[in-house]
Amino acid sequence: MSFDAATREAHLLRYRQGPAFLRQAWEEVPAEARTWRPGEGKWSAHEVVVHCADSETYAAIRIRLLLAEPEPLIVGYDENVWAKRFDYHASDPELALRLIEVVRAHTVATLHRLPDEAWGRMGRHTHSGPYGTDDWLSSYAAHLEAHTAQIRRNLAAWGSR
């Protein structure tokens, strides 16, 4: 996958805006609904937010590996194992949200300083094979949007239970 400058800029805008959308969705969830799970094997809004923090910190490393290392190996992980192993309900969601905001802001600043020729570098993902900077940007531009929608679905399900 290779983006032209306009497409890349549109994805960077989505990437930059993601934390605000996630925080807004979280703040719409009443306190009593935040740890409620909509079904077996489904995550609560609380777990979604903490997952996003873990994912965000790993995403920041992934893009740096892609930009700085020759043909880096990007290691996948099982997010459900992480949620259980790290007991996401025991984590502070406000700290998670602040971490997402800070890490994204730092990564956005880094990405905006890159010359055009820095984009297009490739590595290999353990789950999906060839994986480049534009693959990363496409994925993470949409990541917080998808989880924002998940939180809103949880809230709707909680309200109609």
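Begin by selecting helix α5, residues 133-159, in this predicted model. At 1.5 Å a residue, its 27 residues should span 39 Å, and the end C-alpha atoms are 40 Å apart, so the expected and modelled spans agree. Next, centre the view on H143, where α5 has a kink of about 30°.

Keep α5 displayed and add strands β2 and β3. The helix lies across both strands, and α5 runs at about 80° to β3. With the helix and these strands in view, the sheet can be examined strand by strand.

**The sheet**

Add β1 to the selection. Together the strands form an open sheet of 3 strands in the order β1-β2-β3, with mixed pairing. Which strands stand at the edges? They are β1 and β3 (129-132); each has a single partner strand, so one side of each is left without a neighbour in the sheet.

As general background, strands of a sheet pair through backbone hydrogen bonds, in either a parallel or an antiparallel arrangement. Both senses can be inspected here, beginning with the hairpin.

Select β2 (residues 122-125) with β3: the two pair in the antiparallel sense over 4 bridges. They form a hairpin, with 3 residues between the strands. Two positions are useful to label. H125 has G129 of β3 as its bridge partner, while R124 stands opposite P130 in β3.

Now turn to the other side of the pairing. β1 and β2 run parallel and are joined by 2 bridges. Label L73 here, whose bridge partner in β2 is R124. R124 is therefore a good residue on which to centre the view, being the partner of L73 and standing opposite P130 in β3.

Colour β2 by face before moving on. Its covered face consists of G123 and H125, and its uncovered face of M122 and R124.

**The aromatic cluster**

Select Y58, Y77, W82 and F86, which form one aromatic cluster. In general, a pair of aromatic rings is described by the distance of the centres and the angle of the planes.

The model holds 7 aromatic pairs. One of these is formed by Y58 and Y77, which meet edge-to-face at 5.6 Å centre to centre, with 65° between the planes. Where in the chain do Y58 and Y77 lie? Y58 belongs to helix α2 (residues 45-68), whereas Y77 is in the loop between β1 (73-74) and α3 (79-85); the two are 19 residues apart, and their pair links distant parts of the chain. Switching on a surface at Y58 shows a partly exposed residue, because its relative accessibility is 21% and the buried class ends under 20%.

**Two loop residues with positive phi**

Most residues other than glycine have a negative phi. Two exceptions complete the tour.

Select E71 in the loop between α2 and β1. Its phi is near 45°, a positive value in a residue other than glycine. Is E71 buried or exposed? At 71% relative accessibility, E71 counts as exposed.

Finally, select D87 in the loop between α3 and α4 (93-112). Here phi is near 40°, again a positive value in a residue other than glycine. D87 is partly exposed, with a relative accessible area of 43%.

Methods:
Residues are numbered from 1 along each chain as its sequence is written. This is a predicted model: local features need pLDDT of at least 70, side-chain atom pairs count only at pLDDT 80 or more; totals for chains, interfaces and linings use all residues. Side-chain values use heavy atoms; hydrogens and water are left out. Rings of Phe, Tyr and Trp (its six-membered ring) pair if their centres lie within 6.5 Å; planes under 30 degrees apart count as stacked, over 60 as edge-to-face and the rest as tilted. Buried means under 20% relative accessible area, exposed over 50%, partly exposed in between (1.4 Å probe, protein chains only). The expected span of a helix is 1.5 Å times one less than its number of residues. The bend at a residue is the angle between axes fitted to the seven residues ending there and the seven starting there. Two strands pair if DSSP finds at least two bridges between them. Contact means heavy atoms within 4.5 Å. Axes are lines fitted to C-alpha atoms, for helices over the stretch in contact, and angles run from 0 to 180 degrees between N-to-C directions.
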